[in-house]
Every structure is written in structure tokens, then in C-alpha cells.
Amino acid sequence: MENLLRYAVQLKKKKLINMLIKCGIYKKNNKHLYELTLSELEKEYKHYMDTNGLVPYSEGR
């Protein structure tokens with residue numbers, strides 16, 4: 001179970017990193033995206049979408 005949860009978190013991080021890179025975001029506060037936590041990546045993605053008046057991608061769709 002532990003490995004499954006770790007895998008799910010890593011997969012979600014990869015998806016968010018790829019989406020942020022497509023938006024032109026490569027770093028945050030001199031940290032590479034892969035150094036950020038899942039929560040930090042989610043906040044950054046939401047902030048970018050809110051700032052640009054875009055609708056965030058939902059995995060449920």
C-alpha cells in the first residue's frame with residue numbers, strides 16, 4: 001500500500017510538472033520544479049491558472 005501511494009504522488013507530481021513546463025514555468029524561488037512538494041506544485045499550478053483567468057485541468061474530466 002505504501003508503495004502504491006508513493007507511486008500515485010510521484011505520478012501526480014510528474015503531470016503537474018509537465019503542465020507547468022508547458023505554461024513556461026521552470027522554477028519557483030530558485031528551486032527546480034522537481035524539488036517542490038506535491039502541495040507546492042498544486043498551489044503554483046492553481047496560482048498560474050487563476051492569474052491568467054484559465055480553468056484548471058481536472059483529472060475527473
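**Leu 33 and its contacts**

I began with Leu 33 in this predicted model. Setting aside neighbours within four places in sequence, I found Leu 33 in contact with Ile 17, Leu 20, Ile 21, Ile 25, Tyr 26, Lys 27 and Leu 41. I then looked up which of these partners share a nonpolar core with Leu 33. Ile 17, Leu 20, Ile 25 and Leu 41 are among the members of the largest nonpolar core, and Leu 33 belongs to it too.

**The core itself**

How many residues does the largest nonpolar core have? I noted 10: besides the five just named, the list holds Leu 16, Leu 36, Leu 38, Tyr 45 and Met 49. Two elements, α1 and α2 (38-51), each give two or more residues to this core. The biggest share comes from α2, with 4 residues. I jotted down a general remark beside this entry: nonpolar side chains in soluble globular proteins tend to be buried together.

**Lys 13, a charged residue under cover**

Next I turned to helix α1, where Lys 13 is found. Is Lys 13 buried or exposed? My note says buried, and without a salt bridge. I looked for the nearest side chain of opposite charge and got Glu 40, 7.6 Å away. A salt bridge would need a side-chain nitrogen within 4 Å of a carboxyl oxygen, so I logged none for this lysine. Leaving out neighbours within four places in sequence, I have Lys 13 in contact with Tyr 34, Leu 36, Leu 38 and Leu 41. Of these partners, Leu 36, Leu 38 and Leu 41 are on my list for the largest nonpolar core.

**A nonpolar patch on the surface**

I stayed with α1 for one more entry, since Leu 4 is found in this helix, which runs over residues 2-22. Leu 4 counts as exposed because its relative accessibility is 57%, and the cut-off for that label is over 50%. With Met 1, Tyr 7 and Leu 11, Leu 4 forms a nonpolar patch on the surface. Together these residues have about 510 Å² of accessible area.

**Two asparagines in a loop**

Last, I checked backbone angles in the loop between β1 (27-28) and β2 (31-32), where Asn 29 lies. Asn 29 is not a glycine, yet I read a positive phi of about 50 degrees for it. Asn 30 is found in the loop between β1 and β2 as well, and its phi is also positive, about 60 degrees, again without being a glycine. Are these side chains buried or exposed? Asn 29 counts as exposed because its relative accessibility is 67%. Asn 30 is exposed too, with a relative accessible area of 71%.

Terms used. Residues are numbered from 1 along each chain as its sequence is written. This is a predicted model: local features need pLDDT of at least 70, side-chain atom pairs count only at pLDDT 80 or more; totals for chains, interfaces and linings use all residues. Side-chain values use heavy atoms; hydrogens and water are left out. Patches are made of residues with over 30% relative accessible area and no salt bridge: like charges are joined within 9 Å, nonpolar side chains (Val, Leu, Ile, Met, Phe, Trp, Tyr) within 5 Å. Accessible areas come from the Shrake-Rupley method with a 1.4 Å probe; for residues, only the protein chains shown count as cover. Buried means under 20% relative accessible area, exposed over 50%, partly exposed in between (1.4 Å probe, protein chains only). A nonpolar core is a set of buried Ala, Val, Leu, Ile, Met, Phe, Trp, Tyr and Cys residues joined through side-chain atoms within 4.5 Å. Contact means heavy atoms within 4.5 Å. Lys and Arg count as positive and Asp and Glu as negative; His and the chain ends are not counted.
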